[in-house]
Amino acid sequence: MVQGRGLTDAQVEEVAGGRVWTGEQALARGLVDQLGDLHAAADKARELAGLDPRRYVPLVPLSVPRRYELPQPLPAELDGWLNSLKDLAGERIFALAPWEIRIGG
């Protein structure tokens with residue numbers, strides 16, 4: 001990241017350490033060039049590759065499961081997993097995912 005972003009080691013250290021930033025926060029910190037969706041990224045990739053902006057570039061949609069149910073009965077290692085999740089929540093580390101997990105109905 002230091003070379004690609006033109007940041008010093010100290011600047012990278014200020015924003016590093018496993019932190020997760022929103023797009024706007026990353027933009028303000030110089031971690032991304034611009035905000036956009038997958039189509040904007042494909043347009044930028046075409047531009048950087050020197051391709052005609054009208055050139056067709058197939059984008060492959062990836063489906064994600066809408067619902068995942070934990071196996072019944074719950075595995076014995078679930079207790080350790082839940083404790084790890086509790087520890088992560090205590091560290092205030094959160095992520096948004098395109099699916100949800102429901103336990104028990």
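This briefing covers two arginines, a ring contact and a nonpolar surface patch. The structure is a predicted model. Arg46 is buried, whereas Arg54 is exposed. Leu27, Val32 and Leu35 together make a nonpolar patch on the surface.

**Arginines 46 and 54**

- Arg46 is part of helix H4, which spans 38-48.
- With a relative accessibility of 9%, Arg46 counts as buried because this value is under 20%.
- Leaving aside residues up to four places away in sequence, Arg46 is in contact with Leu51, Asp52, Pro53, Arg55 and Val57.
- Arg54 is located in the loop that runs between helix H4 (38-48) and strand E1 (67-69).
- The relative accessible area of Arg54 is 74%, which is over 50%, and the residue is therefore classed as exposed.
- Arg54 and Asp43 are eleven residues apart along the chain, and 9.1 Å separates their C-alpha atoms.

**Aromatic rings**

- The ring of Trp21 has the charged end of Arg29 over it, at 3.7 Å from the ring centre.
- Zero aromatic pairs are found in a search of the whole structure.

**Nonpolar surface patch**

- The patch made by Leu27, Val32 and Leu35 has an area of about 210 Å².
- Leu35, one of the patch residues, is situated in the loop between helix H3 (23-28) and H4.
- Leu35 has a relative accessibility of 43% and counts as partly exposed, because this value falls between the limits of 20% and 50%.

Key
Residues are numbered from 1 along each chain as its sequence is written. This is a predicted model: local features need pLDDT of at least 70, side-chain atom pairs count only at pLDDT 80 or more; totals for chains, interfaces and linings use all residues. Side-chain values use heavy atoms; hydrogens and water are left out. Rings of Phe, Tyr and Trp (its six-membered ring) pair if their centres lie within 6.5 Å; planes under 30 degrees apart count as stacked, over 60 as edge-to-face and the rest as tilted. A charge sits over a ring if NZ of Lys or CZ of Arg is within 6 Å of the ring centre and within 35 degrees of the ring normal. Helices (H or I, at least four residues) and strands (E, at least two) are DSSP runs, numbered from the N terminus. Buried means under 20% relative accessible area, exposed over 50%, partly exposed in between (1.4 Å probe, protein chains only). Contact means heavy atoms within 4.5 Å. Patches are made of residues with over 30% relative accessible area and no salt bridge: like charges are joined within 9 Å, nonpolar side chains (Val, Leu, Ile, Met, Phe, Trp, Tyr) within 5 Å. Accessible areas come from the Shrake-Rupley method with a 1.4 Å probe; for residues, only the protein chains shown count as cover. A salt bridge is a side-chain nitrogen of Lys or Arg within 4 Å of a carboxyl oxygen of Asp or Glu.
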